[in-house]
Amino acid sequence: MGKRDNRVAYMNPIAMARSRGPVQSSGPTIQDYLNRPRPTWEEVKEQLEKKKKGSKALAEFEEKMNENWKKELEKHREKLLSGSESSSKKRQRKKKEKKKSGRYSSSSSSSSDSSSSSSDSEDEDKKQGKRRKKKKNRSHKSSESSMSETESDSKDSLKKKRSQKMELKRKGNYTLTLP
């Protein structure tokens, strides 16, 4: 029994195209594109000037919008200026309070700053002092009855430990631990 012949004849596409003859294209050719009418340099300059000028209607519209926007800005400024006299004092007080709350200053320095905001800053300083005491008590965990001698000793030892840890961290020796 013989095998079936499944070979297909090879058709050269270039040879097939040549045998068909020249192709009739429907669109413009390269020659048509190269031979197209072109504007002169003066006409090009005129077109560019027209584009720069823009349309009169657009220019008028932009002017009206600019005028309206200026009027709105003036109204808004007047509102802010009339209301800013009283609000500027409030802002200054708030800024002072924020600066004072950011610092750890004693109540004596805050009382000498200004008479109007001194009571507020003293309250804040008292609150901060309470917070510091709470943090110290947590770190010590010592009883309140034996605070006088043991607290000073423990403060000194804590300061020494902290300074030693900071030095070790700076040097890069993280493996050493302190008792």
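**An all-helix model and its exposed surface**

Ile 30 has its place in helix α2, which covers residues 30-34. In this predicted model, Ile 30 is exposed, because its relative accessible area is 65% and the cut-off for that label is over 50%. Ile 30 does not stand by itself, however: together with Tyr 33 and Leu 34 it forms a nonpolar patch on the surface. The accessible area of these three residues comes to about 350 Å² together. A general point about helices helps in picturing such a grouping. An α-helix has 3.6 residues a turn, so residues three or four places apart point the same way.

The view can now be widened to the whole chain. The secondary structure consists of seven helices and zero strands, and the order along the sequence reads α-α-α-α-α-α-α. Of the 179 residues in the protein, 7% count as buried. The exposed surface amounts to about 17,600 Å², and carbon and sulfur atoms supply 53% of it. Among contacts with a separation of 6 or more, 15% are accounted for by residues 24 or more positions apart.

Helix α1 offers a good example to follow from one end to the other. Its N-terminal end is capped by Asn 12, where a side-chain oxygen lies 3.2 Å from the backbone nitrogen of Ile 14. The helix itself spans residues 13-20 and is hardly covered, with a count of zero buried residues among its eight. Just after α1 comes Gly 21, which takes a positive phi of about 105 degrees.

Charged side chains also meet in the model. The count of salt bridges comes to one, and it joins the side chains of Asp 5 and Arg 7, with 2.9 Å from N to O. Are these two partners buried or exposed? Asp 5 counts as exposed because its relative accessibility is 57%, and Arg 7 counts as exposed because its relative accessibility is 70%.

Finally, the confidence of the prediction deserves a look. The mean pLDDT of the protein is 75, and 62% of the residues reach 70 or more. Over residues 105-117, pLDDT stays under 50. For this stretch the model has 14 contacts beyond four places in sequence. Some care is useful here: where pLDDT is low, the predicted coordinates should not be read in detail.

Terms used. Residues are numbered from 1 along each chain as its sequence is written. This is a predicted model: local features need pLDDT of at least 70, side-chain atom pairs count only at pLDDT 80 or more; totals for chains, interfaces and linings use all residues. Side-chain values use heavy atoms; hydrogens and water are left out. Helices (H or I, at least four residues) and strands (E, at least two) are DSSP runs, numbered from the N terminus. Buried means under 20% relative accessible area, exposed over 50%, partly exposed in between (1.4 Å probe, protein chains only). Contact means heavy atoms within 4.5 Å. Accessible areas come from the Shrake-Rupley method with a 1.4 Å probe; for residues, only the protein chains shown count as cover. A polar contact is a pair of N or O atoms within 3.5 Å; within protein, one must be able to donate a hydrogen and the other to accept it, and residues adjacent in sequence count only if both atoms are side-chain atoms. Patches are made of residues with over 30% relative accessible area and no salt bridge: like charges are joined within 9 Å, nonpolar side chains (Val, Leu, Ile, Met, Phe, Trp, Tyr) within 5 Å. A salt bridge is a side-chain nitrogen of Lys or Arg within 4 Å of a carboxyl oxygen of Asp or Glu. pLDDT is the predictor's confidence in each residue, from 0 to 100.
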